[in-house]
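Please study the sequence and the structure shown below before attempting the exercises. Each exercise consists of a task and a worked solution.

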Amino acid sequence: MCAAKLVQYVIVNGEIAKTWPKGALIAQCCHAVAAVGHLYASDPDTVEYFKDLDNMHKVVLEAPDAGKLVGLGEVLQQNDVKHKVWVEQPENLPTCIALKPYPKEEVQKYMKKFKLLS
């Protein structure tokens, strides 16, 4: 698999995207991406993705609210799509989901109902 064909999706809780400071929102995404990279460090696609650090491809999308974000997490779990739901503590608030790197065609179907974060 060529690293250029791999993509990592990050889906943000749209409620916090509109109300939290940008730095706090970015930190949540960083937490989720770091966690999923660690959890799936030995996964062949993850290994390949990290071989070319200057050409990583990420897509950041927005779920309308926490409920839709949690629902996506459940669908991903049911379909064995490797990911991490980041839940901010002590608020117990789902803030984002990061998928491990995947070939785009394997996971894009789960992302179709979400828009790019603006």
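The exercises below concern a predicted model.

**Exercise 1. Helix α4**

Task: Determine which residues of α4 are buried, and what they pack against.

Solution:
- Step 1. Helix α4 comprises residues 66–78, 13 residues in total, and spans 18 Å from its first C-alpha to its last, close to the 18 Å expected at 1.5 Å a residue.
- Step 2. The buried residues of α4 are Ala 66, Leu 69, Leu 72, Gly 73 and Leu 76.
- Step 3. These residues cover an arc of only 120 degrees around the axis, and therefore lie on the same side of α4.
- Step 4. The buried residues of α4 pack against β1 (6–13), α1 (14–19), β2, β3 (83–88), β4 (93–99) and α5 (104–111).
- Step 5. The face turned away from the buried side of α4 carries the exposed residues Gly 67 and Gln 78.

**Exercise 2. Salt bridges between distant parts of the chain**

Task: State how many salt bridges the structure holds, and examine the pairs formed by Glu 62 and by Lys 100.

Solution:
- Step 1. There are five salt bridges in the structure.
- Step 2. In one of them, the side chains of Glu 62 and Lys 18 meet at 2.6 Å, N to O. This pair links distant parts of the chain, as Glu 62 belongs to strand β2 and Lys 18 to helix α1, 44 residues apart.
- Step 3. Glu 62 is buried, because its relative accessible area is 7%, under the cut-off of 20%. Lys 18, at 61% relative accessibility, is exposed.
- Step 4. The side chains of Lys 100 and Asp 43 also meet in a salt bridge, at 3.0 Å, N to O. Lys 100 lies in the loop between β4 and β5 (102–103) and Asp 43 in the loop between α2 (22–39) and α3, so the pair ties together parts that are 57 residues apart in sequence.
- Step 5. Lys 100 is buried, with a relative accessible area of 3%, and Asp 43 is buried at 18%.

**Exercise 3. Lys 82 and its partner**

Task: Identify the partner of Lys 82 in a salt bridge, and then the residues joined into a network.

Solution:
- Step 1. Lys 82 forms a salt bridge with Asp 80, with the closest N and O atoms 2.6 Å apart.
- Step 2. Lys 82 is partly exposed at 27% relative accessibility, whereas Asp 80 is exposed at 52%.
- Step 3. Salt bridges with shared partners join Asp 43, Asp 45 and Lys 100 into one network.

**Exercise 4. A nonpolar surface patch**

Task: Locate Met 56 and describe the patch to which Met 56 belongs.

Solution:
- Step 1. Met 56 lies in the loop between α3 (44–49) and β2 (58–63).
- Step 2. Its relative accessibility is 34%, so Met 56 counts as partly exposed.
- Step 3. Together with Phe 50 and Leu 53, Met 56 forms a nonpolar patch on the surface, with about 280 Å² of accessible area together.

Definitions and conventions. Residues are numbered from 1 along each chain as its sequence is written. This is a predicted model: local features need pLDDT of at least 70, side-chain atom pairs count only at pLDDT 80 or more; totals for chains, interfaces and linings use all residues. Side-chain values use heavy atoms; hydrogens and water are left out. Patches are made of residues with over 30% relative accessible area and no salt bridge: like charges are joined within 9 Å, nonpolar side chains (Val, Leu, Ile, Met, Phe, Trp, Tyr) within 5 Å. Accessible areas come from the Shrake-Rupley method with a 1.4 Å probe; for residues, only the protein chains shown count as cover. A salt bridge is a side-chain nitrogen of Lys or Arg within 4 Å of a carboxyl oxygen of Asp or Glu. Helices (H or I, at least four residues) and strands (E, at least two) are DSSP runs, numbered from the N terminus. Buried means under 20% relative accessible area, exposed over 50%, partly exposed in between (1.4 Å probe, protein chains only). The expected span of a helix is 1.5 Å times one less than its number of residues. The arc is that of the directions from the helix axis to the C-beta atoms. Contact means heavy atoms within 4.5 Å.
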